[in-house]
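Here is a friendly walk through some strands and hairpins of this protein. Please keep the sequence and the structure in view as you read.

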Amino acid sequence: MRLSLALLLVCSPLAAAQEAQPEGPRPDRVQISPGVVDAEVGQTLRFTATAYDANGGVIAARPTAWFAAPFDVGAADEEGLVTFFAPGELKVGAIVNGKPGWAMVRIKPQEVTAVVITPLGAPLVPGAAARLEAATFTKDGVPREGVLVTWKSESPSVATVDAAGVVTAVAAGRAAIRATSGQGSTTSVVTVAANTVPTLAIEPRLTRARTGDVVRFSARGGGRALPSVQWSVNGAGATIDPDGGFVAERPGTFLVTATYGTRVATSSVVVEPRNVQRALELVGRTPAEDFQTLEQWTFGDYLYATSALSGKLWVYDISHPSAPTKVDALSFDARILNDISVSSDGTIGVLSREGASNRKNGIVFLDTSDPAHPKVLSEYTETVSGGVHSAYIDGHYVYLTDDATGSMRAIDFENPKAPKEIGRWELPRPDAKVFGSAELGQMTGGRYLHDVQVKDGLLYAGYWRDGLVILDVGNGIKGGSPTSPTLVSQIRFNYHELYGPGWLAGAHAVFRYKNYVFIGDEVFPAQFNLAARDVIPVKGIVHIVDVSDIEHPKKVGVYEVPEGGAHNMWVEDDVMYMGYYSAGARVVDVSGELRGDLYRQGREIAKLWTGDPKGFRPNAPFTWGAQPHKGLIYFNDINSGVWITRLAPAPAAPATTTAAR
């Protein structure tokens, strides 16, 4: 959750400038010019602010602050020069003698400049048809959905193509099929060969599955596999991909059809409900506190919890999970304590800080050898004083996010009393610019790093609007190391199209499990007040990305709870535990191959409403994350503390009976 930037760049400047003693008379209104304007991504415009008294007279005063929201769409410098990074709606504001004024900018999406066609896997035969898939991208590599793609066959005597990209083979030969969108254009060659297949058969002929199970169909003809078959499925609630992968969201019987030229074969799938639901039993809760709980870390018999706006780290004894006891608390100069984690041997803790009064944030190293009473060993602030949101421990290295520059830093704490930076990596963004001031803090607009995880020498980064970035930090695939991180691959999403204008939106949480990376989007209003007790609206889904081919990650599914917004997750033993903000605590079955919408497939195992009438925001869940520990699941909720739960045993299968003859 990038609360630090939202607060520093919108709430803090606004509040500070409004509360400061004005140098002159307070205006009746402040007019920003231009008031409403259209712009494009990458463009920079200058705005001016004019203050007026109650009689309409001009007050000779300069703005004390300029700002823009959402901060990931655009940013303003001290002179009112605003740069636009992403499409959407941007509010540009200035404060004159404590009075704010606003302007609205409508930022158009970038035009498509590149088209990529997924080629067919094998030749077609005369009479056969197959749909070509075309992906469209802007010059910054952002995918565009729903844009017009024009198709054309450059050899219609061999193969034709319709407006939907469906290619129909006519005669033996090769045909270049062209796809054009915006300024982008590309071709893919389709080969048409004679049909030597006398019959067509599908395997399996009849199968049973549960909702969410992926069934892989294949077709054979003339004693060989046929990879270029056209697949289809009847009925609503099920899909089949060009590779023959079938998945259903609803129970029922579905007819799968394979077509190869004039040959047709069918098969059936009987789909049953997944039936994975279990009860989530409440075991205990941390004592009620007058603060907002953020991150947590459980190890041994102890739980550490960080806080928003109180600057405290709380320590709880959870040896009796039904009655956790607070045993210690450490205070720090920080508006927000975010990440807390402990090394695998339980001796070193790492705490991240944001919003310190002396602007020295960074991370704190803790001696946790006595887990009930952690002690400060050292701090590291030298290159990350602008704030650290997330940190991940891997051996004697900690990989962290630098709020100010949007870069990843690698810190060696082999000597935890003298940690040192040994590596840095940031996503190249030519439009990234430094904004802010010495008084309010500076940041690099246009590049934001939100979360990191390291597994088997690969670092997975939630790079906000730039999606998922994978780095080699010791795996060897690209020769990377902690001192020299190296890019492996990246996959981006179009957050403007996903969530619409007016939202802070980007890739936040990342978690690698088996051959998948789960990426949670965090989506907040352009402006919000963390200190207020009003309910904060949220959105956000979980993208499921297959990284079997690590250099070519591919999105294969989603998990989307309609009434909430995604946040942190933990995946273990084929189960995903996560905090889904206003939708409470969620437990999801992620066994087997994953495709499609996990929510609609009935993969939810359990859920828990974490609202509390005595919570910081009464009766409103705001579940931040989850961690399984010693057979229990700990869900931390911003409004109501930590909920300790247990999954009830799965219900026994109904007994089968044999009727008497």
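## Strands and their partners

An open sheet is built from five strands in the order S49-S50-S51-S52-S56, and its pairing is mixed. Strand S49 (503–513) and strand S56 (596–597) stand at the edges with a single partner strand each, so one side of each is left without a neighbour in the sheet. Strands here are DSSP runs of E with at least two residues, numbered from the N terminus, and two of them pair if DSSP finds at least two bridges between them. Strands of a sheet pair through backbone hydrogen bonds, either parallel or antiparallel.

This is a predicted model, in which local features need pLDDT of at least 70 and side-chain atom pairs count only at pLDDT 80 or more, while totals for chains, interfaces and linings use all residues. Residues are numbered from 1 along each chain as its sequence is written, and side-chain values use heavy atoms, with hydrogens and water left out.

The table lists some of the strand pairs, with one pair of facing residues where it helps you find your way.

| Strands | Bridges and direction | Facing residues |
|---|---|---|
| S49 and S50 (residues 516–525) | Ten bridges, antiparallel | Arg512 opposite Val517 in S50 |
| S2 (residues 36–40) and S10 (residues 99–108) | Five bridges, parallel | Glu40 opposite Lys108 in S10 |
| S9 (residues 88–96) and S10 | Nine bridges, antiparallel | Gly88 with Ile107 in S10 |

### Around S10

Strand S10 is bridged to S2 in parallel and to S9 in antiparallel fashion. S9 and S10 make a hairpin with two residues between the strands, where Asn97 takes a positive phi near 50°.

### Around S54

How many residues of strand S54 (residues 575–579) are buried? Five of its five residues are, where buried means under 20% relative accessible area (1.4 Å probe, protein chains only). Val575, Tyr577 and Gly579 point one way from S54, whereas Met576 and Met578 point the other way.

S54 has antiparallel partners in both S53 (residues 569–572), through four bridges, and S55 (residues 585–589), through five bridges. On the S53 side, Trp570 stands opposite Tyr577; in S55, Ala585 is the bridge partner of Gly579.

Both pairings are hairpins. Two residues lie between S53 and S54, and Asp573 in that turn has a positive phi of about 50°. Between S54 and S55 there are five residues, and Tyr581 in the turn has a positive phi of about 45°.

Methods: Buried means under 20% relative accessible area, exposed over 50%, partly exposed in between (1.4 Å probe, protein chains only).
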